[in-house]
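Here are my notes on the model, set out as numbered points that can be read beside the structure. They begin with a residue at the surface and then turn to the interior and to the packing of helices.

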Amino acid sequence: MADASPQSDKVVTRFAPSPTGYLHIGGARTALFNYLFARHHGGKFLLRIEDTDRQRSTDEAIAAIFDGLEWLGLAGDEEPVFQFARAARHAEVAHQLLAQGDAYKCFATPEELTAMREEQRAAKKPMRYDGRWRDRDPAEGGDKPYVIRLKAPREGETVIEDAVQGRVVVQNSELDDMILLRSDGTPTYMLAVVVDDNDMGVTHVIRGDDHLNNAFRQLGIIKAMDWREPVYAHIPLIHGSDGAKLSKRHGAMGVDAYRDELGMLPEAVGNYLLRLGWGHGDEEMISRDRAVELFDLAGVGRSPSRFDIKKLENLNGHYIREADDKRLAALVAPLLAAQGYAVNADLLESAMASLKPRAKTVQELVDGARFLFVTRPIPIDADAQSLLGDAAVALIKTVADRLGALTEWTPEGIEAAIRVAAEDAGIGLGKVAQPLRVALTGRTTSPGIFDVVFLLGKDETLARLSDTSTGVADRQN
């Protein structure tokens with residue numbers, strides 16, 4: 001629990017997910033904005049797990065949320081707060097509000113409330129609690145079950161100077177007397193959030209704009225308790241590339257799927273999420289340190305952002321090209337091993353300089369590296385097989401002879417030998433490189449042919465070329 005007082009001037013933000021599923025991409029952006037704002041102002045970033053829905057909250061979801069946040073470098077500055085464990089404190093506040101006359105007991109039965117809503121629907125009136133127990137003597141309820149409701153203001157208006165949305169005004173006549181404690185004594189989400197934010201010393205509530213209406217209702221508790229109002233910043237939601245509500249077809253998956261299935265790097269995902277709804281001039285590639293330096297709420301737009309998986313892939317390609325080869329090899333090796341390949345870690349690391357310029361994802365690195373570890377005879381793709389006609393096979397044999405005569409296996413020597421073979425045959429280098437690529441990788445695409453030959457080594461290169469020229473290559477793939 002944070003020890004910062006609600007009256008503290010130090011910036012404190014929080015990310016408070018419900019552990020009913022994975023950490024989705026919108027939640028990750030909310031966490032990022034909270035983290036960056038706190039860091040920019042030298043404050044604290046806290047985590048709270050809102051696990052009051054006991055039926056839907058799971059340990060697996062909690063673990064997935066923490067895993068995703070850690071992967072993105074968004075761990076909290078203190079131990080996380082678990083909302084359910086604070087139920088007694090929430091109830092304490094509800095009873096305090098009751099004692100000071102800012103809340104009341106409501107004995108309305110479920111049947112009465114259903115009838116009330118049906119009447120409102122028939123009359124085409126807003127469906128909200130009508131306050132029937134607001135001014136009644138609770139003694140009339142006897143020993144019947146009751147809920148505790150907030151006595152919301154009915155006159156005037158409530159104003160929020162939102163740091164993103166600007167000035168937002170709601171007439172108090174539109175606010176209902178929301179439930180604080182259920183009839184079984186458990187607190188509602190609306191109460192728990194306000195109490196926890198206050199007790200954790202949260203100064204800035206940065207969250208999705210789907211919570212904006214909640215803020216007006218929650219302010220009733222804050223004002224009644226004479227607590228300091230937080231600065232609200234309600235950020236627009238993320239939409240799909242077509243402008244529709246973000247769904248799985250747009251990329252609304254768990255953060256873990258971006259890592260494990262799509263092969264994204266955390267710095268790429270973080271950079272992309274930063275640019276979804278926030279900007280600073282024309283800067284696109286923004287490191288975490290630079291983001292901390294620049295980020296403030298003034299740069300957050302009011303319009304929904306559009307998620308574009310292709311843009312994320314392109315950005316990820318940039319970060320792959322910038323990444324350390326050893327780090328990339330460590331990401332690729334277990335994925336290759338899981339596919340049954342015997343991986344040479346040193347060879348894989350050496351190959352990264354050649355593989356990463358062509359790759360946008362870790363999966364593409366895996367795909368590009370397979371040729372290094374396939375066992376002979378290597379499989380030949382069906383579309384590549386057509387490039388191995390008689391003339392190509394004869395040319396491959398000539399190249400093999402040239403390479404076999406090399407006394408030192410260097411990139412320069414390899415390039416010279418292949419170029420001489422092309423000149424002797426009176427053809428361009430590309431006409432040699434393509435059948436050679438098929439013979440060595442089984443595919444029509446690969447890193448540069450000189451890199452392929454060098455990485456495979458002399459013995460493996462000559463053995464694969466021999467397989468092709470003698471018709472041993474596996475052509476059943």
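1. This is a predicted model, and my first point concerns D226, which is exposed because its relative accessible area of 67% lies over the 50% cut-off. D226 sits in the loop that runs between α6 (212–224) and β10 (231–235), and its phi is positive, at about 60°, although the residue is not a glycine.

2. K124 can be read alongside that residue, since K124 too has a positive phi, here of about 55°, without being a glycine. The loop that holds K124 lies between α4 (110–122) and β5 (147–150), and at 77% relative accessibility K124 counts as exposed.

3. A further backbone detail to check on the display is the peptide bond between R376 and P377, which is cis, with an omega of about -5°. P377 is placed in the loop between α13 and α14 (382–385).

4. Turning to the interior, the largest nonpolar core has 99 residues, and those with the most contacts inside it are F33, L274, F295, F307, L403 and I418. Helix α1 (residues 25–40) supplies the largest share of this core, namely 9 residues. A second core, separate from that one, has 33 residues, including L97, V170, L181 and M200.

5. F295 deserves a closer look, as one of the residues with the most contacts inside the largest core. Once residues up to four places away in sequence are left out, F295 touches F33, L36, F37, H40, L274, W278 and V300.

6. T461, found in helix α19 (residues 458–469), is buried, because its relative accessible area of 0% is under the 20% cut-off. Apart from residues up to four places away in sequence, T461 touches L403, W409, L440, V453 and L456; of these, L403 is also among the residues with the most contacts inside the largest nonpolar core.

7. L429 belongs to helix α17 (residues 429–441) and is partly exposed, with a relative accessible area of 25%. Leaving aside neighbours within four places in sequence, L429 is in contact with I418, R419, A422 and F450. The C-alpha atoms of L429 and I418 are separated by 7.9 Å, and the two residues are 11 residues apart along the chain.

8. Is Q165 buried or exposed? With a relative accessible area of 19%, Q165 is buried, because that value falls under the 20% cut-off. Q165 lies in the loop between β6 (157–162) and β7 (166–171), and, not counting residues up to four places away in sequence, Q165 touches D209, L212, H234, P236 and R302.

9. Two helix pairs that share α13 can be considered together, and I begin with helix α11 (residues 325–338), which packs against α13 at an angle of about 65°, with the axes 9 Å apart. That angle makes α11 roughly perpendicular to α13, and the crossing of the two helices is right-handed. On the α11 side the contact is made by L328, L331, V332, L335 and L336, and on the α13 side by V362, Q363, L365, V366 and A369. Sorted by class, the contact of α11 with α13 has 9 nonpolar residues, 1 polar residue and no charged residues.

10. The other pair is helix α12 (residues 345–355) with helix α13 (residues 362–369), whose axes come within 11 Å and cross at roughly 110°. What does that angle imply for how α12 and α13 lie to each other? The two helices are roughly perpendicular, because angles from 65 to 115 degrees are classed that way, and their crossing is right-handed. In this contact, L348, M352 and L355 of α12 meet L365, G368 and A369 of α13. By class, the contact of α12 with α13 has 5 nonpolar residues, 1 polar residue and no charged residues. When both contacts are displayed, L365 and A369 of α13 can be found in the contact with α11 and in the contact with α12.

Key
Residues numbered from 1 in each chain as written. Predicted model: local features only at pLDDT ≥ 70, side-chain atom pairs only at ≥ 80, totals over all residues. Heavy atoms only, no water. Helix = DSSP H or I, 4+ residues; strand = E, 2+ residues; numbered from the N terminus. Buried < 20%, exposed > 50% of the residue type's maximum accessible area, 1.4 Å probe, protein only. Contact = heavy atoms within 4.5 Å. Core = buried A, V, L, I, M, F, W, Y, C linked by side-chain atoms within 4.5 Å. Axes fitted to C-alpha atoms, helices over the stretch in contact; angles between N-to-C directions. Parallel < 35°, antiparallel > 145°, perpendicular 65-115°, else oblique. Left-handed = near helix turned anticlockwise from the far one by under 90°. Nonpolar A, V, L, I, M, F, W, Y, C, P; charged D, E, K, R; others polar.
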